[in-house]
Amino acid sequence: MILSMTGYGRKEEQRGNVRLLAEIRAVNHRYCEVITRLPKSWGVLEAQVKNVVSQKVRRGRVEVHISMEQVRDHHAPFTIDWTAAEFYAQAAAKMNEHFSLHAPLTAKDLLTLPGVVLHEEVAQVTPEEIEEWLTQVVVAAAADLYQMKQAEGERINQDLTMRLTQIQTWTDEILEFSPQATEEYQKRLTQRIQDLSGELVPDQSRLMQEVALFAERADISEETTRLASHCAQFWDQLNATEAVGRKLDFLLQEMNREANTIASKANHLPIQRLAVEIKTELEKMREQVQNVE
């Protein structure tokens, strides 16, 4: 199954006054690299987070960002610092008197001033207390990432399948054209000899010898056989369960090598045109494979 190397996963949960967020971003990379960013006091959980994410990622650069926010409950009981409120009220009265102002200081104004309303302190969360919950959140974020990688992988698979099918069709056409190339060369050679020698009859033995030499030099049966074999191996890798990105890239290089050889050996315009078409499709496939895990 084809998986994309790029993707994004996210999971956010709140328990009590603690909100926990896990974000995972994956991009292309030659190897598998997992980078974690956790609160400083949670460093002991880094290995566990990497282990969870690595189960969903086989190749690519992955950044895991964990953040924790402590949320105050505005409906929770609170106390009033009457000393601070008295200080604000006296200060307001003096300012009104000094500047000849008549704007009263209301209770609503006092409640919004710093230090007047005192909330209960939010307790600090230790790594030991949050370890199980953090693992569950990271697992959910990793599953979200995997789902996106899988969806993108399916689209890549469809594109590769379409192009590979077309390449196989063109390879079959090349095999059909191959005998024609030798026959057309024999006709061209015979006509050229007749044009140069007039009414003289060409030496058939010598003519057939030249045609045989051409057929040997232009023989592309080995290249087309290898190209067909690489196509079959490519199909197998598309259905494999492990990471196949590098294998697919290697196969495309070999397929491109065979297409180049076919184009250079076959002195036949239809075959050369098909080889160019194959090379064009291979280049498009290679662009897609660069994003395969």
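**Exercise 1. The surroundings of Ile 35**

Determine which residues Ile 35 touches in this predicted model, leaving out those up to four places away in sequence.

*Solution.*
Step 1. Locate the residue: Ile 35 is found in strand β3, which covers residues 32-37.
Step 2. List its contacts. Once residues up to four places away in sequence are set aside, Ile 35 touches Arg 61, Val 62, Glu 63 and Val 64.
Step 3. Consider a distance along the chain and through space. Ile 35 and Ile 24 are 11 residues apart along the chain, and their C-alpha atoms are separated by 9.7 Å.

**Exercise 2. Val 62, buried or exposed?**

State whether Val 62 is buried or exposed, and name the residues that Val 62 touches beyond four places in sequence.

*Solution.*
Step 1. Place Val 62 in strand β4, residues 60-70.
Step 2. Apply the cut-off for burial, which is under 20% relative accessible area. The relative accessible area of Val 62 is 0%, and therefore Val 62 is buried.
Step 3. Name the contacts. Not counting residues up to four places away in sequence, Val 62 touches Ile 24, Arg 25, Ala 26, Glu 33, Val 34, Ile 35, Val 53 and Val 57.
Step 4. Add a distance: the C-alpha atoms of Val 62 and His 29 are separated by 9.0 Å, with their positions 33 residues apart along the chain.

**Exercise 3. The chain as a whole**

Find how many helices and strands the protein chain has, and describe their pattern along the sequence.

*Solution.*
Step 1. Count the elements: the protein chain has 8 helices and 6 strands.
Step 2. Read them along the sequence, which gives β-β-β-α-β-β-α-α-β-α-α-α-α-α.
Step 3. Turn to burial. Of the 293 residues in the protein chain, 34% are buried.
Step 4. Examine contacts with a separation of 6 or more; 80% of them are accounted for by residues 24 or more positions apart.
Step 5. Take an example in helix α4, where Ser 178 is found. Ser 178 touches Ile 220 and Ile 271, not counting residues up to four places away in sequence. The C-alpha atoms of Ser 178 and His 268 are separated by 8.4 Å, although these residues are 90 residues apart along the chain.

**Exercise 4. The packing of α6 and α7**

Describe how the axes of α6 and α7 are arranged, and give the classes of the residues in their contact.

*Solution.*
Step 1. Recall what is needed: two packed helices are described by the angle between their axes and the distance between the axes.
Step 2. Read the values. The axes of α6 and α7 cross at roughly 160 degrees and come within 9 Å.
Step 3. Compare the angle with the cut-off: angles over 145 degrees count as roughly antiparallel. The two helices α6 and α7 are therefore roughly antiparallel to each other.
Step 4. Give the handedness, which is left-handed for the crossing of α6 and α7.
Step 5. Sort the contact by class: 9 residues are nonpolar, 5 are polar and 6 are charged.

**Exercise 5. The packing of α7 and α8**

Determine the angle at which α7 and α8 pack and the distance between their axes.

*Solution.*
Step 1. Identify the helices as α7, residues 245-265, and α8, residues 269-289.
Step 2. Read the values: the angle is about 165 degrees and the axes are 9 Å apart.
Step 3. Draw the conclusion that α7 is therefore roughly antiparallel to α8.
Step 4. Note that α7 passes α8 in a left-handed crossing. The contact of α7 with α8 has 12 nonpolar, 5 polar and 3 charged residues.

**Exercise 6. The nonpolar cores**

Establish which residues of the largest nonpolar core touch the most other members.

*Solution.*
Step 1. Note that this core has 29 residues, of which Phe 234, Leu 248, Met 255, Ile 278 and Met 285 touch the most other members.
Step 2. Trace the origin of the core. At least two of its residues come from each of α4, α6, α7 and α8, and α8 gives the largest share, 7 residues.
Step 3. Inspect Met 285. Leaving aside neighbours within four places in sequence, Met 285 is in contact with Leu 160, Arg 163, Leu 164, Ile 167, Phe 234 and Leu 252.
Step 4. Include the second, separate core of 23 residues, which has Leu 20, Ala 22, Trp 133 and Ala 142 among them.

Conventions. Residues numbered from 1 in each chain as written. Predicted model: local features only at pLDDT ≥ 70, side-chain atom pairs only at ≥ 80, totals over all residues. Heavy atoms only, no water. Axes fitted to C-alpha atoms, helices over the stretch in contact; angles between N-to-C directions. Helix = DSSP H or I, 4+ residues; strand = E, 2+ residues; numbered from the N terminus. Parallel < 35°, antiparallel > 145°, perpendicular 65-115°, else oblique. Left-handed = near helix turned anticlockwise from the far one by under 90°. Nonpolar A, V, L, I, M, F, W, Y, C, P; charged D, E, K, R; others polar. Core = buried A, V, L, I, M, F, W, Y, C linked by side-chain atoms within 4.5 Å. Buried < 20%, exposed > 50% of the residue type's maximum accessible area, 1.4 Å probe, protein only. Contact = heavy atoms within 4.5 Å.
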